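Colleague: Please take me through one part of this predicted model slowly, starting at its edge and working inward to the packing. I would rather have a connected account than a list.

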Amino acid sequence: MDTGSVRIVTTDSRDPVALVVGGEQLLRRGIMRYVEKLGFETTSTTARSLEEHSPEEFDLVVALIDLDSLDGYSILEALTRNQIRTPVVVVGRRASRGKVVEKLLGWP
């Protein structure tokens with residue numbers, strides 16, 4: 001599958017904002033630091049608190065998804081509930097990547 005590349009161009013004068021969701025707090029913090037170096041403002045939340053945020057409010061979502069837990073499935077459900085246009089980067093185990101991509105693409 002060729003995923004290609006995406007160039008995001010904005011006319012907004014604000015910094016783009018990224019949401020880092022799921023996983024352990026220490027891992028989220030590390031990813032936030034990396035994403036901030038790319039020029040994003042960042043916000044972090046647990047899978048359980050994701051409903052307090054709308055993915056459409058962000059310019060990027062980094063989702064730490066573990067399909068061995070209910071948290072991973074709840075993140076996937078929140079990201080696929082509505083057809084969002086926000087770019088999503090998924091971090092997870094190699095064994096579950098296919099399932100995650102299929103769910104995000106809306107495949108049965």
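Modeller: I begin with L27, which counts as partly exposed because its relative accessibility is 46%, between the 20% and 50% cut-offs. This residue sits in helix 1, the stretch from 25 to 37, and its C-alpha lies 8.9 Å from that of L64, although 37 residues of sequence separate the two. As for the setting, the predicted chain has three helices and four strands, arranged along the sequence as β-α-β-β-α-β-α. Of its 108 residues, 31% count as buried, and among the contacts that join residues at least 6 apart in sequence, 69% link residues at least 24 apart.

Moving inward, the largest nonpolar core holds 16 residues, and those touching the most other members are L19, V21, L50, A63, I65, I75 and L79. Strand 1 (17-22), strand 3 (60-65) and helix 2 each supply at least two residues of this core, and the largest share, four residues, comes from helix 2. A second core, separate from this one, has nine residues, among them M32, V35, V62 and L64, so that the L64 paired above with L27 in distance is itself a core residue. As a background point, nonpolar side chains tend to be buried together in soluble globular proteins.

T45 offers a view of the larger core from strand 2, which covers residues 41-45. T45 is buried, because its relative accessible area of 6% falls under the 20% cut-off. Leaving aside residues up to four places away in sequence, T45 touches L19, V20, V21, G22, R28, L50 and H53; of these, L19, V21 and L50 are among the best-connected core members.

L79 deserves the closest look. Again setting aside residues up to four places away in sequence, L79 touches P55, V61, A63, I84, V88 and L104, and A63 is listed with L79 among the core residues that touch the most other members. One of these partners, V88, is found in strand 4, residues 88-92, and is partly exposed, because its relative accessible area of 28% lies between 20% and 50%. Beyond four places in sequence, V88 touches V61 and L79. V88 and L104 are separated by 16 residues in sequence and by 9.0 Å between their C-alpha atoms, while L104 is a contact of L79.

That last contact leads to the packing of two helices. In general, such a pair is described by the angle between the axes and the distance between them. Here the axes of helix 2 (residues 70-80) and helix 3 (residues 97-105) come within 9 Å and cross at roughly 25 degrees. An angle under 35 degrees counts as roughly parallel, and helix 2 and helix 3 are therefore roughly parallel to each other. The crossing of helix 2 past helix 3 is right-handed. On the helix 2 side the contact is made by L76, E77, L79 and T80, and on the helix 3 side by V100, K103 and L104. Sorted by class, this contact comprises four nonpolar, one polar and two charged residues. L79 thus appears in two places in this account, in the largest nonpolar core and in the contact between helix 2 and helix 3.

Terms used:
Residues are numbered from 1 along each chain as its sequence is written. This is a predicted model: local features need pLDDT of at least 70, side-chain atom pairs count only at pLDDT 80 or more; totals for chains, interfaces and linings use all residues. Side-chain values use heavy atoms; hydrogens and water are left out. Axes are lines fitted to C-alpha atoms, for helices over the stretch in contact, and angles run from 0 to 180 degrees between N-to-C directions. Angles under 35 degrees count as roughly parallel, over 145 as roughly antiparallel, 65 to 115 as roughly perpendicular and the rest as oblique. A crossing is left-handed if the near helix is turned anticlockwise from the far one by less than a right angle, and right-handed if clockwise. Contact means heavy atoms within 4.5 Å. Ala, Val, Leu, Ile, Met, Phe, Trp, Tyr, Cys and Pro count as nonpolar, Asp, Glu, Lys and Arg as charged, and the others, Gly among them, as polar. Buried means under 20% relative accessible area, exposed over 50%, partly exposed in between (1.4 Å probe, protein chains only). A nonpolar core is a set of buried Ala, Val, Leu, Ile, Met, Phe, Trp, Tyr and Cys residues joined through side-chain atoms within 4.5 Å.
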